[in-house]
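Subject: Handing over the structure, with notes on what was found

Hello,

Please find the structure below, followed by some notes that go through it piece by piece. It may help to keep the view open beside the text while you read.

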Amino acid sequence: MMMTVDDVEQVDAVLSDDGCSVFFYGHTPDDDETFFWSVSLPMRIEEAAFDDMLPEWVDLGWKMLTQQE
């Protein structure tokens, strides 16, 4: 069965190693089906600053996911 964005139960946001991109993972009930998308940032951000705003990044991921429909 093919999963859709409506099946996403959780979104995780991860800062890239170079601090220039954010990766989003949309987890579904099926461990073999995960949605992935990313954004490039206009400037490098530090991991501590990213971690301080993690709830906002996750919220952005949800908003981006629902706009793709």
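A residue is called exposed when its relative accessible area is over 50%, and buried when that area is under 20%, with partly exposed in between. Please also keep in mind throughout that this is a predicted model.

With those words in hand, we can turn to helix α2. This helix runs through residues 54–67, which makes 14 residues, and from its first C-alpha to its last it reaches 20 Å, close to the 20 Å expected at 1.5 Å a residue. Which residues of α2 are buried? They are W57, G61 and L65, and because they cover an arc of only 80 degrees around the axis, they lie on the same side of α2. The buried residues of this helix pack against three strands, namely β1 (10–15), β2 (21–27) and β3 (34–40), and also against helix α1 (47–52). On the face of α2 that is turned away from the buried side, you will find the exposed residues P55 and Q67.

The next topic is charge. Side chains of opposite charge can pair when their charged atoms come close. How many salt bridges does the structure hold? There are two, and one of them belongs to the helix just described, where the side chains of D59 and K63 meet with 3.2 Å from N to O. D59 and K63 are four residues apart in α2, so about one helical turn separates them. Both ends of this pair are partly exposed, since D59 has a relative accessible area of 38% and K63 has a relative accessibility of 46%. In another salt bridge, R44 pairs with E46, and the closest N and O atoms of the two are 2.7 Å apart. R44 is partly exposed as well, with a relative accessible area of 46%.

Finally, there is a serine that deserves a look of its own. S16 sits in the loop between β1 and β2. Is S16 buried or exposed? Its relative accessible area is 9%, so S16 counts as buried. The side chain of S16 makes a polar contact with the side chain of D18, at 2.6 Å. Leaving aside residues up to four places away in sequence, S16 touches S21 and F23.

Best wishes

Technical notes
Residues are numbered from 1 along each chain as its sequence is written. This is a predicted model: local features need pLDDT of at least 70, side-chain atom pairs count only at pLDDT 80 or more; totals for chains, interfaces and linings use all residues. Side-chain values use heavy atoms; hydrogens and water are left out. Helices (H or I, at least four residues) and strands (E, at least two) are DSSP runs, numbered from the N terminus. The expected span of a helix is 1.5 Å times one less than its number of residues. Buried means under 20% relative accessible area, exposed over 50%, partly exposed in between (1.4 Å probe, protein chains only). The arc is that of the directions from the helix axis to the C-beta atoms. Contact means heavy atoms within 4.5 Å. A salt bridge is a side-chain nitrogen of Lys or Arg within 4 Å of a carboxyl oxygen of Asp or Glu. A polar contact is a pair of N or O atoms within 3.5 Å; within protein, one must be able to donate a hydrogen and the other to accept it, and residues adjacent in sequence count only if both atoms are side-chain atoms.
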